[in-house]
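User: I'd like to learn how to read a structure like a structural person does. Could you walk me through one, feature by feature?

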Amino acid sequence: METRLLSSHDINPEKWDEFIFNSPQGCIYATRWYLDIVCGDWSAIIVSDSDQWLSVFPLNLKKKLLVPYSLQPILTKYLGVFFHKKEFPNYFKESEWKKEVLKACISKIPSGLARFEYNFSPFFDYGLPFYWNEYTLRTQYTYIIDLRLPLDQLFERFSSSVRNNIKKARNKKFVFCKSENPEDVVKIIEANQKNGKKIMEEKYFPRIKKIFKEANSRGLSDLFVEKDGEQIISCLFLLYYKNICTNFVGMVHPEYRNTGVNSHILWTALPDIQKRSEYFDFAGSMLEGVEAFNRQFDTLPMPYLNISKKRIFS
């Protein structure tokens, strides 16, 4: 078993993307093009056996005032360790293999980092080696809609509040359509921030536009908006990868928060989403108000690990 810390410039891009796609933890955030946008230069710990990669761990290594750190990039929900897809005769053999691979991986995390923090995939299920190395493991939750049910059955499983909001917005005759302009997303974010809701710094707006451009060119995104006349009042920027559709940016104009449009735009988009995906990931926050909204869509709470450490020493 060999473990290396490599610059992204020294990693074969095709091999990387193929590995991520086939990994049980594979997600769009770990694809080469996405990491290039959100990190710029990035590195990865690769554990291998001969030419076979066993795991990869993309790292966002940066410095501020000469102090090194490694943190989850903005606009990236999950990263962490991605395992090679491998069959095992039993769970004991699987956990033993993961333990050895993770021990090798952890040994290559650079020493001297003032802070290390990443959200791991919901499909990463063996965090104990990090715990044994004095990392902090914190369980967080996202919410998933199972789209394999017919739409009429899905609707009946929504809370009465969501169903009523969908009907309320429908009666207002808002116009639902696809958009090819990521500026629509930025405008909704700006409107919320002017209303006192802190979402992100303006320097990240170009990053949203780059993600839209690259994802759209690969057929991995949709951007839906709702309008009241000519005004954009809600947006739903979606990313597709394998059988999961992720809510990348879903937001409503603050003046229309009580119109039901936030429920209506998702419901109206679901037929298109359902054609391409089996699951919808809200990728939401842990805030109680956001959780309450997501849960009303008859969602499944899906735990994932936030793994962190301060002052990493060799």
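**Reading the features**

Analyst: Let's start with a pair in a helix. Glu 100 and Lys 103 sit about one helical turn apart, because they are three residues apart in helix α3 (residues 91–107). One caution before we go on: this is a predicted model.

User: What do Glu 100 and Lys 103 form, and how far apart are the closest N and O atoms?

Analyst: The general idea first: side chains of opposite charge can pair when their charged atoms come close. Here, Glu 100 and Lys 103 form a salt bridge, with 3.9 Å between the closest N and O atoms. The cut-off for that label is a nitrogen–oxygen distance within 4 Å. Glu 100 is partly exposed at 37% relative accessible area, and Lys 103 is partly exposed too, at 45%.

User: How many salt bridges does the structure hold?

Analyst: There are 13 salt bridges. One of them brings together the side chains of Asp 146 and Arg 148, at 2.8 Å from N to O. Asp 146 is partly exposed, with 29% relative accessibility, while Arg 148 counts as exposed at 54%. Glu 201 and Lys 203 make another salt bridge, at 3.8 Å from N to O. In that pair, Glu 201 is partly exposed at 47% and Lys 203 is exposed at 56%. You'll also find a network: Glu 94, Lys 98 and Asp 125 are joined by salt bridges that share partners.

User: Now the sheets. How do I read one, and what is the order of the strands in the open sheet?

Analyst: Strands of a sheet pair through backbone hydrogen bonds, either parallel or antiparallel. Read across the open sheet of ten strands and you get β4-β5-β7-β14-β8-β13-β12-β11-β10-β9, with mixed pairing. The edges are β4 (61–64) and β9 (175–178), each of which pairs on one side only. From one strand to the next, the twist averages 25 degrees.

User: Can we zoom in on a pair of strands? How many bridges join β11 to β12?

Analyst: Eight bridges link β11 (residues 231–241) with β12 (residues 244–252), and these two strands run antiparallel. For a spot to click on, take Leu 236: its bridge partner in β12 is Gly 250.

User: Which helices lie against that sheet?

Analyst: Take α8 (residues 205–217), which packs on the sheet and touches β10 (221–228), β11 and β12. The direction of α8 makes about 55 degrees with that of β11. Then there's α9 (residues 261–276), which lies across β8 (136–146), β9, β10, β11, β12 and β13 (279–281). Helix α9 runs at about 30 degrees to β11.

User: What about β3? Which strands does β3 pair with?

Analyst: Seven bridges join β2 (residues 43–49) to β3, and the two run antiparallel. Val 47 is a handy marker, with Ser 55 in β3 as its bridge partner. The two strands form a hairpin with two residues between them. β3 also pairs in the antiparallel sense with β6 (residues 82–83), over two bridges. In that pairing, Val 56 has Phe 82 in β6 as its bridge partner.

User: Is β3 mostly covered or mostly open?

Analyst: Mostly covered: of the eight residues in β3 (residues 52–59), seven are buried.

User: And backbone angles? Where should I look for a positive phi?

Analyst: As a rule, most residues other than glycine have a negative phi, and most peptide bonds are trans. Ser 50, in the turn of the β2–β3 hairpin, has a positive phi of about 60 degrees. Leu 66 has a positive phi of about 70 degrees, although it is not a glycine. You'll find Leu 66 in the loop between β4 and β5 (67–71), where it is exposed at 76% relative accessible area. Lys 242 is not a glycine either, and has a positive phi of about 55 degrees. Lys 242 lies in the loop between β11 and β12 and is partly exposed, at 34%.

User: Last one, the surface. Which residues form a nonpolar patch there?

Analyst: Look for Leu 128, Tyr 131 and Trp 132, which together have about 350 Å² of accessible area. Tyr 131 lies in helix α4 (residues 128–132). Tyr 131 counts as exposed because its relative accessible area is 53%, and the cut-off for exposed is over 50%.

Conventions: Residues are numbered from 1 along each chain as its sequence is written. This is a predicted model: local features need pLDDT of at least 70, side-chain atom pairs count only at pLDDT 80 or more; totals for chains, interfaces and linings use all residues. Side-chain values use heavy atoms; hydrogens and water are left out. Patches are made of residues with over 30% relative accessible area and no salt bridge: like charges are joined within 9 Å, nonpolar side chains (Val, Leu, Ile, Met, Phe, Trp, Tyr) within 5 Å. Accessible areas come from the Shrake-Rupley method with a 1.4 Å probe; for residues, only the protein chains shown count as cover. Helices (H or I, at least four residues) and strands (E, at least two) are DSSP runs, numbered from the N terminus. Buried means under 20% relative accessible area, exposed over 50%, partly exposed in between (1.4 Å probe, protein chains only). Two strands pair if DSSP finds at least two bridges between them. Axes are lines fitted to C-alpha atoms, for helices over the stretch in contact, and angles run from 0 to 180 degrees between N-to-C directions. Contact means heavy atoms within 4.5 Å.
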